[in-house]
Every structure is written in C-alpha cells, then in structure tokens.
Amino acid sequence: MPDDPEVVYVDNNATTRVAPEVLDAMLPFLTRFYGNPSSIHTFGGHVRRHVEHAREQLAALVGAAPNEIIFTSCGTESDNAAILSALESDVRRRKVVTTRVEHPAVLSLGKVLQQRGYHVDYAPVNHKGQLCLDALCRMVDDETAVVSVMWANNETGNLYPVLEIAEIARQHGALFHTDAVQAVGKLPIDLRKSAIDFLSLSGHKLHAPKGIGALYVRKGIKFNQFLIGGHQEYGLRAGTENVPGIVGLGKAAELAAEHMAEEQTRVRALRDRLEQGILSTCPDARVNGNPASRLPNTTNISFEFVEGESILLLLDRWNIAASSGSACTSGSLEPSHVLRAMGVPQTAIHGSVRFSLSRFNTAEEIEFIIEKMPPIIRRLRELSPYGRHGRPSRESTAPEK
Ligand code: PLP
C-alpha cells in the first residue's frame, strides 16, 4: 500500500484536493479579514485589494486583462451566463451551435433553449471523439448567436480546436464561448491572441475549493447580467463575493502557472505508465479518445464483458477512487453520452473507467493501481455471463495467481 493510508485519488476531473498553499491563502479570509469588499471602510478595502490581486493572478494564467475576469460560483454558472448573455445580445439571432460531447452544463441548457424556441445544433464527433469540423462549419451561419465548444472533454480528455472554431464563429458575426473547465491549469492558455469571446473555468478542478468559478468576457463584448442585484463584479454579476474562494482561486492559478511545464511532463508520464500498465496486463481493454490530442492527466479505458461500476466498487475496496463517467452522470446508470456520440459499442461503454491524475499523484500510487487491476478484471469476468457462457475471456480460464 502507498504511504498515504487515506485514498489513492485518480478522479481529478471530478474534483481536486485543495492545495495546502491555497488553503493557507484562504484561511485569513475566513477568520480575520471578514470585511465586505464593497464596504467603504479600510477593513473592507483591505479585502477588496486581495480580491483584485486574485483577479490579476487568474487573468495572468489565461492571458487576459484583469477586468475581463468575472468571478462566479462555478463552471456551470459561467457556461449558462455566457450562452444566455450571447442570446440576449442579438435577439434576431436565434441559433446556438455546440457539440454532442459537451458537459451537461451546456447540453442541458441547450435542451431548455430548444423548448424556448431556439434552434440548437449539435456537431458530431468521430470514433476517436474528434470533432467533425466540416459539419460544425456547415451549421454556423448568420442566424447563429453563439458557438459553444469545450476546450477539453471531461470524460476522455480529448482536446478541441477552439482557436480555429472561434475564428469561424467570428466570420459569421457569432460569438464564441468555450467551456475550459478541464483545460485551465492543465494547459497553457493565452486569450490575448484568440478570437474567444467567453471562457468558463471552475476553481475545484485546479486545486481551489468548490463554489468558485470565473468567466472571461473579452473586452468590448457586451455581457448581459445573469444574476441581477447589487453592483459587484463591475455591475455584471450581483451577489456578495465569495472572498475566501476568490483568494483561493487566485493562489491556485498562480501555482498552476508556476508548475505547469514541469507537472505536465510528470503527470503525462504517470498517466502513460498507468495506461500501458493496464493495457499490457488486462486483455480486451481499449483506450477511448484520441491519444494524439488529449489532456496529459486523463485516460478512459473500456474493459469488455464487465461493468465499469463493478470495477469501481472493487477498486474502492483498495481505497482507489476513480470514475466510470463524468461526476454528473455517475450517479445514474445512463451510458455516457460522450462515448455514445463516439459510437463506442455498448459493451465497451458499460465497462469504461476514467482515471484522471493530478500533480499530487505519485509513481507508487500508479504501480499500486496497475497491480490491483488485473485480478479485479479477471474476477469480474469469471462472474460475468459473457466470461462464463458467452465469449470466454482469455484469462477466465487461467488459474488465479
Ligand atoms: N464543464 C466541464 C467540462 C466539467 O467537467 C464540469 C464539471 O465536471 C463543469 C463544466 C461544471 O463545473 P462546476 O462543477 O464548477 O459547475
């Protein structure tokens, strides 16, 4: 067992641990410095300065100006606010173009918009999850208010050509939004050189706490308020600021920028070792997604003839925390909409497990998982009707080690 008796946590696309430096930065704002940043007094002004410092730290991570950052409560709020704002900006344009593999924060909003009479087009992906760019281009026209395409997929880690798509949207006078919740902190992002109008991010995916997010709104783009009330956030997002969360997100952004180059290489090597270790010891397993272009921390592997949930339960006995889909869908037994859009066979969808790493994972933890996986898969296949009566899996006849 690894030294840390608590948990071998490889579910970082669901949420991440708060970095110790982030917690240290936040604590004074939960204890001593509880002033309201909107207050006139010096006590509130001190807090205000820290909120503005966090805005600078976050802006620096994504190559934006501080006044292009609005703090929100989460990635979902940022996604909703951006798309709804775009629709309100030009009421003659009643069309949204997005993809079939977005997070529910965009897909479910799309459904609601359809019920409200908007036209929503969903661009398809191929078997590797790559976007069919031609199909998307054909969908974007002069009726389109907003194109929304995620930067990185939460289930497969696949990356999408958002810089290119932003240019296409602009050529048609449409706004472009990207859900970069899984990309920020994991990949270098420089919005200065892009045609991206809105970008969503979320603190709890980059070692800041839950309940804090942000929306980048490009200078010159009209933002229509989503939360209406007081004058916080330049009068664009009402509600007293979550100061500890904001300070934590600022610190997490600074740390991500500091460690990015080094951690990308280290985490990628751990992910590759995990993937190779599993594929070489577990037969009838395959990687879902596009290995040539994906996040360095994510691998999504399908194991034929077993249920992903059963694998998770057996991993859980060893205190290994992984996921069988996105956190939002793993509460239900609905097959993953992302893998379905990719045309992954049903049997492989049901046997899929996502491992998502962070800079806190160690080589020892990865070896521990590689050691535990083959007996788990073997045992489940022996119990499975496919393993016993259908197509016998190769290892179901092998003696237990
Ligand atoms: N978008 C993506 C790609 C995500 O992975 C998530 C969370 O899993 C969200 C949006 C929602 O973010 P939040 O949990 O901060 O609302």
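**Ligand surroundings and domain contact**

In this predicted model, a backbone N or O atom of G75 sits 2.8 Å from an oxygen atom of the ligand. Two side chains also take part in polar contacts of this kind. For Q182, a polar side-chain atom is found 2.8 Å from an oxygen atom of the ligand, and for H103 the corresponding distance from a polar side-chain atom to a ligand oxygen atom is 3.4 Å. On its own the ligand has 390 Å² of accessible area, and the protein covers 91% of this.

It is helpful to look next at the residues that make up the surroundings. The ligand has 13 residues around it, and those that come nearest are T76, D179, Q182, S202 and K205. Sorted by class, the shell consists of seven polar, three nonpolar and three charged residues. Helix α3, which spans residues 75–89, gives the most to this shell, supplying three residues.

Turning to the overall layout, the protein is divided into two domains: domain 1 is built from residues 8–16 and 260–383, while domain 2 covers residues 20–258. Taken over C-alpha atoms, the centres of domain 1 and domain 2 are separated by 27 Å. Their contact draws on 31 residues of domain 1 and 38 residues of domain 2.

The size of an interface is often given as the accessible area lost when the parts come together. By that yardstick, domain 1 and domain 2 bury about 2900 Å² between them, and carbon and sulfur atoms account for 54% of it. On the domain 1 side, T16, M260 and L295 stand out: they supply 24% of the area that domain 1 buries against domain 2, more than any other three residues.

Technical notes
Residues are numbered from 1 along each chain as its sequence is written. This is a predicted model: local features need pLDDT of at least 70, side-chain atom pairs count only at pLDDT 80 or more; totals for chains, interfaces and linings use all residues. Side-chain values use heavy atoms; hydrogens and water are left out. A residue is near a molecule or strand if one of its heavy atoms lies within 4 Å of it. A polar contact is a pair of N or O atoms within 3.5 Å; within protein, one must be able to donate a hydrogen and the other to accept it, and residues adjacent in sequence count only if both atoms are side-chain atoms. Accessible areas come from the Shrake-Rupley method with a 1.4 Å probe; for residues, only the protein chains shown count as cover. Helices (H or I, at least four residues) and strands (E, at least two) are DSSP runs, numbered from the N terminus. Ala, Val, Leu, Ile, Met, Phe, Trp, Tyr, Cys and Pro count as nonpolar, Asp, Glu, Lys and Arg as charged, and the others, Gly among them, as polar. Domain bounds come from an automatic or database domain assignment. Contact means heavy atoms within 4.5 Å. Buried area is the accessible area (1.4 Å probe) that two parts lose on being put together, summed over both.
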